[in-house]
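Okay, thanks for coming, everyone. Let me put the structure up so we can walk through it together.

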Amino acid sequence: MSLKIGVHNANLHLFLASHWPALFNGIAVEFVHYDDGRESARFLTRGEIDICGTGSTPPIIAQANGDEVEYIAASARRPHNGALVTTPTSAIADIRDLQGARIALVDGSFHTYLLARLLDGVGLTLRDVRRVELSPSASLTHLLDGKVDAWIAMSPLLEKAISKKFVKVIAECGDKIPNRSVFWTIRNRKLSASQKEDVLSRLITLGREISADPERAARILTDARTEHVDLNTWSTAIAARDWSIHAADREIADEQQEEADTLLRHGDLSREIAVLDAMRL
């Protein structure tokens, strides 16, 4: 039977993998496309996919909801691929000014964690702001129209908005959150050790090949019209990113635990979890 790999636009590694001929030569693979990475746990539990790639937050929520999550791999840190921004004329100058602000984001993704960590630093919580669920492109439109006060933006629209001077950056992911992609499954999918190692090996290869030929990846993403950005914007974003992949390890467990504890403290996680339970260490 084919290994079913979940693909959505927000995880560029797996989206590119689905357009990268020969990467999975020798094993039967089916790429299953869906719209929202936050739905990954549902696709896994229903058996529609065997493995997925998301930001750091969905597997934490899945584990808190009772799924037997298992981490397989993680990307490098991406300190510049996410930021809190507002308009150049906004009165918001720093995080302290966010109390009561309307903030556009993809809630339940790394956006929520970044916002929580930024608010932590000034003694505020997620309850002190108004979160507005919007897609990335809709978020920019709402920000420019004054319908929201700030936006948790991510690559590549972040780079596009900065280059056109649509926004000013209040805070980047930087050292606040790692902002990694993580690749994971749930144990009732019963992937063998060799299957997981095979996927890890091919993701490592993909990362190396993207780094060696970023223009190839940029053309794929431009042709797919993901986020409706041009070739130059994609080229810039891809060249600036570290595409390396490594096995999930104790460092990833510690980072994920810190996020879980933060979301629990802010009231955004249903229960306490032990991330080490989801690790193959």
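I'll talk about two helix pairs, then a couple of long helices, and then one residue at the end of a helix.

Before anything else, please keep in mind that this is a predicted model.

Let's start with H8 and H9. H8 covers residues 214-224 and H9 covers residues 231-240. How do their axes cross? They come within 8 Å and cross at roughly 135 degrees. Angles over 145 would count as roughly antiparallel, so this pair, H8 and H9, ends up as oblique. As for the hand of the crossing, H8 and H9 make a right-handed one.

Who is doing the touching? From H8 you have Pro214, Glu215, Ala217, Ala218, Arg219, Leu221 and Thr222, and they meet Leu231, Trp234, Ser235 and Ile238 from H9. If you sort that contact by class, you get seven nonpolar residues, two polar and two charged.

Stay on H9 for a moment. Its buried residues are Thr233, Trp234, Ser235, Ala237 and Ile238. And what do those buried residues pack against? H8, which we just saw, plus H7, helix H1 (12-17) and helix H6 (157-163).

That brings in H7, residues 193-212. Here's a little sanity check you can do on a helix. With 20 residues at 1.5 Å a residue, H7 should span 28 Å, and its end C-alpha atoms sit 29 Å apart, so that agrees. On the buried side of the list, H7 has Lys196, Val199, Leu200, Arg202, Leu203, Leu206, Gly207 and Ile210. Notice that Lys196 and Arg202 are on that list of buried residues.

Same check on H10, residues 250-265: 16 residues should span 22 Å, the end C-alpha atoms are 22 Å apart, and so that agrees too. Which residues of H10 are buried? Ile252, Ala253, Glu255, Gln256, Glu259, Ala260, Thr262 and Leu263. Those buried residues pack against two helices, H3 (57-64) and H4 (110-120), and two strands, S4 (69-75) and S11 (245-247).

Now the second pair, H3 with H10. Their axes come within 10 Å, and the crossing angle is roughly 65 degrees. The range that counts as roughly perpendicular is 65 to 115 degrees, and therefore H3 and H10 are described as roughly perpendicular to each other. This crossing is right-handed. At the contact, Thr57, Pro59 and Ile60 of H3 meet Gln256, Glu259, Ala260 and Leu263 of H10. By class that's four nonpolar, two polar and one charged.

Let me zoom in on Thr57, which lies in H3. Is Thr57 buried or exposed? Its relative accessible area is 1%, and the cut-off is under 20%, so Thr57 is buried. Setting aside neighbours within four places in sequence, Thr57 is in contact with Gly108, Ser109, Phe110 and Tyr113, and also with Glu259 and Leu263.

Last stop, Leu144, in helix H5 (residues 136-144). Leu144 has a relative accessible area of 41%, so we call Leu144 partly exposed. Not counting residues up to four places away in sequence, Leu144 touches Thr87 and Phe166. And for a sense of distance, the C-alpha atoms of Leu144 and Asp277 are separated by 44 Å, with the two positions 133 residues apart along the chain.

That's my tour, and I'm happy to go back to any of these.

Notes:
Residues numbered from 1 in each chain as written. Predicted model: local features only at pLDDT ≥ 70, side-chain atom pairs only at ≥ 80, totals over all residues. Heavy atoms only, no water. Axes fitted to C-alpha atoms, helices over the stretch in contact; angles between N-to-C directions. Helix = DSSP H or I, 4+ residues; strand = E, 2+ residues; numbered from the N terminus. Parallel < 35°, antiparallel > 145°, perpendicular 65-115°, else oblique. Left-handed = near helix turned anticlockwise from the far one by under 90°. Contact = heavy atoms within 4.5 Å. Nonpolar A, V, L, I, M, F, W, Y, C, P; charged D, E, K, R; others polar. Expected span 1.5 Å × (residues − 1). Buried < 20%, exposed > 50% of the residue type's maximum accessible area, 1.4 Å probe, protein only.
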